[in-house]
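Hi,

Here is the structure I said I would pass on. Please open it first, then read my notes below.

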Amino acid sequence: MPAESISADSVPDFRSTNRPVSRVAVLGATGSIGVAALDVIENLNRCDPDFAWEVSSMSGHSQIDPLIELAGGCHTPPKCVVVSDAEMEAQAAKALKTASTQTNSRLTERCRLDVGPDALVRAATEKDVDVVVAAIVGRAGLESTLAAVHAGKRVALANKETLVVAGPVVTRAAADNGAELLPVDSEHSAIFQCLAESRARQSQFATAKQPNTAADPSAKTHWPGVRRLILTASGGPFRDWTTAQMREATIEQALAHPTWKMGAKITIDSASMMNKALEVIEAKWLFDVPADKIEVVVHPQSLIHSLVEFEDGSLIAQVSPPDMRMPIQYALTFPRRLPCPAPELDRTQGWDMSLCPADPDRFPALALGFEVARVGGTAGAVVNAANETAVDLFLNGQIRFTDIPEICRRTLLDHDHESSPTLERLLKLDVWARGRARELAQI
């Protein structure tokens, strides 16, 4: 029997307004995505000088010295440096003042310091900011990302937890305020690029009635001619391990990702395939696609970042070396394509691009992600909070690696599901789930 197609009346509006985009707020600048974004912006200053790209503001949490060093290395010094950990204010003020007097730093005394969680919101909503790179790891990035959406900004979304926790709230706010949500995750950027033909046909269906997949997860979404979205997964360091082997995995082994260089939390998520589970949920909200139209396959080489299958059985894939600078730049410059500092694929060498089915039995977090994507509502907030807590416990040597998805599953089962929660309710459940996860871990 042929697979049911994804027909097409209505999709999230990814069409660019062609508004000039050049002033960037980089939230989470000291992480791997933030550092890569700053490199991209420096490159755009060289290859796209007419747009006069600049970092308007940048943030870090408690890594003061790296943050100030990054600010000082910008082509045009940022107007504001944000430190979200209020307890670091004195140290940050001293470091910024010292840096502004050094001859090898581009910082000046006009670069101001803003401190605390509310400072992230101020940076994200600053009037002269065109695009916000949302790269704060985990639930901590929700408020500033949502504030940028309410302010109608273009958001280069690297913080998948924002949609996992509050997908319906965020997508509704984007539609109401004319904000653009452009994916930075390599997998979602790949799908975004592969959907170019379908995006071009959206105007044919602009007056059709729009289905609500948030209210009806089984509803068809409306990408013209598209059958399903296929996310690729590297498989992480435990791709070929048995469950018994993973039960004894050390922190060092879990952090040894074979292809990507990332922060500790996302690396552990990749090892458990919870990262892919979260990406399934993100894809549901970002592309308005029900869970049964999303598939995950394992691709160890991390060259094929995702694929789209069309009704005629053809597949379109986005292929590039594993380097986050390419999807970051495309989110900044869309719909334009410009020279990128990411390496090109070496076509003088043979390409090994294998695909194999994912194994939800060995990686139960993946199955949990599809379940959460199907039921929606409060499930995403609960699983995300439980996962962040469990990963932290594992990194501190307090639980086994294989305890992570089990704690998430049990926390989800212990909560009373709501299909249409408010943001306030989601935030309360986030706190509850963290406490419940610790209880289940007996910590």
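A residue counts as buried when its relative accessible area is under 20%. Keep that cut-off in mind for what follows. Note too that this is a predicted model.

**Strand 9**

Start with strand 9, residues 294-298. Four of its five residues are buried, so strand 9 is largely enclosed by the rest of the structure.

Which strands does strand 9 pair with? Strand 8, residues 226-233, runs parallel to strand 9, and five bridges join them. Strand 12, residues 356-357, pairs with strand 9 in the antiparallel sense, over two bridges.

Val298 is a good place to look. In strand 9, Val298 stands opposite Ala233. Val298 also stands opposite Cys356 in strand 12.

**Helix 6**

Now go to helix 6, residues 161-177. Where does helix 6 bend? The bend is at Gly167 and comes to about 100°. A proline, Pro168, follows within four residues.

Look at the end-to-end span as well. A straight helix of 17 residues would span 24 Å, at 1.5 Å a residue. Helix 6 spans only 21 Å between its end C-alpha atoms.

Is helix 6 largely enclosed or largely open? It is largely enclosed by the rest of the structure, because 12 of its 17 residues are buried. Gly167 and Pro168 are among them. So are Glu161, Thr162 and Leu163. Further along, Ala173 and Ala174 are buried too.

One last stop: Gly178, just after helix 6, takes a positive phi of about 70°.

Best wishes

Conventions
Residues are numbered from 1 along each chain as its sequence is written. This is a predicted model: local features need pLDDT of at least 70, side-chain atom pairs count only at pLDDT 80 or more; totals for chains, interfaces and linings use all residues. Side-chain values use heavy atoms; hydrogens and water are left out. The expected span of a helix is 1.5 Å times one less than its number of residues. The bend at a residue is the angle between axes fitted to the seven residues ending there and the seven starting there. Buried means under 20% relative accessible area, exposed over 50%, partly exposed in between (1.4 Å probe, protein chains only). Two strands pair if DSSP finds at least two bridges between them.
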